[in-house]
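Here is a short briefing to read with the structure open beside it. Take a moment to look around, and then we can go through it topic by topic.

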Amino acid sequence: MKFLTQVKGEDTWQEITLEECLFKTEKAGFYSHGTVQKMLEDGLTVDTPWSLFKKAE
């Protein structure tokens, strides 16, 4: 499964690994451990103060 990230205020999405996504969301303290992967798999967009993360289509 592939994932994408976008810096807020920019127009382009970049491919990111699940590990990078988890590091920037859960390890950074914005989401509880074990929650982000499920959200992404369910098609939700994960929002942090600086970036958005989603599953690639």
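Is S51 buried or exposed? S51 counts as buried, because its relative accessibility is 4%, and the cut-off for buried is under 20%. Please keep in mind that this is a predicted model. The protein has 2 helices and 4 strands, and along the sequence they follow the pattern β-β-α-α-β-β.

**Overall form**

- The radius of gyration is 10 Å, which agrees with the value near 10 Å that a compact globule of 57 residues would have.
- Along the principal axes, the C-alpha trace spans about 30 × 25 × 15 Å.
- Of the 57 residues in the protein, 28% are buried.
- Looking at contacts between residues at least 6 apart in sequence, 38% join residues at least 24 apart.

**Helix 1 and its two sides**

- Helix 1 runs over residues 18-27, and its buried residues are L18, C21, T25 and E26.
- These buried residues lie on the same side of helix 1, because they cover an arc of only 90 degrees around the axis.
- As background, an α-helix has 3.6 residues a turn, so residues three or four places apart point the same way.
- The other side of helix 1 carries the exposed residues E19, F23 and K27.
- Which elements help to cover the buried residues of helix 1? The cover includes strand 1 (3-7), strand 2 (14-16), strand 3 (46-47) and strand 4 (51-55), together with helix 2 (36-41).
- Just after helix 1 comes G29, with a positive phi of about 95 degrees.

**T25, a buried residue of helix 1**

- T25 sits in helix 1, and it counts as buried because its relative accessibility is 0%.
- Leaving out residues up to four places away in sequence, T25 touches F30, Y31, V36, V46, T48 and F53.

**S51 and its neighbours**

- S51 belongs to strand 4.
- Apart from residues up to four places away in sequence, S51 touches T5, Q6, V7, K8 and V46.
- V46 is thus a name to look for twice, being one of the residues touched by S51 and one of those touched by T25.
- The side chains of S51 and W50 are joined by a polar contact of 3.1 Å.

**Aromatic rings**

- How many aromatic pairs does the structure hold? There is 1 aromatic pair.
- F30 and W50 form this pair, which is edge-to-face, with 4.8 Å centre to centre and 65 degrees between the planes.
- The pair links distant parts of the chain, 20 residues apart: F30 is in the loop between helix 1 and helix 2, while W50 is in the loop between strand 3 and strand 4.
- F30 is partly exposed, with a relative accessible area of 37%.
- W50 also counts as partly exposed, at 36% relative accessibility.
- Where does the charged end of K54 sit? The charged end of K54 is over the ring of W13, 4.3 Å from the centre of that ring.

**Links to follow on screen**

- Starting from T25, one step leads to F30, which T25 touches, and from F30 the aromatic pair leads on to W50.
- From W50, the polar contact between side chains leads to S51, and S51 lies in strand 4.

Definitions and conventions
Residues are numbered from 1 along each chain as its sequence is written. This is a predicted model: local features need pLDDT of at least 70, side-chain atom pairs count only at pLDDT 80 or more; totals for chains, interfaces and linings use all residues. Side-chain values use heavy atoms; hydrogens and water are left out. Buried means under 20% relative accessible area, exposed over 50%, partly exposed in between (1.4 Å probe, protein chains only). The arc is that of the directions from the helix axis to the C-beta atoms. Contact means heavy atoms within 4.5 Å. A polar contact is a pair of N or O atoms within 3.5 Å; within protein, one must be able to donate a hydrogen and the other to accept it, and residues adjacent in sequence count only if both atoms are side-chain atoms. Rings of Phe, Tyr and Trp (its six-membered ring) pair if their centres lie within 6.5 Å; planes under 30 degrees apart count as stacked, over 60 as edge-to-face and the rest as tilted. A charge sits over a ring if NZ of Lys or CZ of Arg is within 6 Å of the ring centre and within 35 degrees of the ring normal. The radius of gyration is taken over C-alpha atoms; the globule rule is 2.2 Å times the number of residues to the power 0.38.
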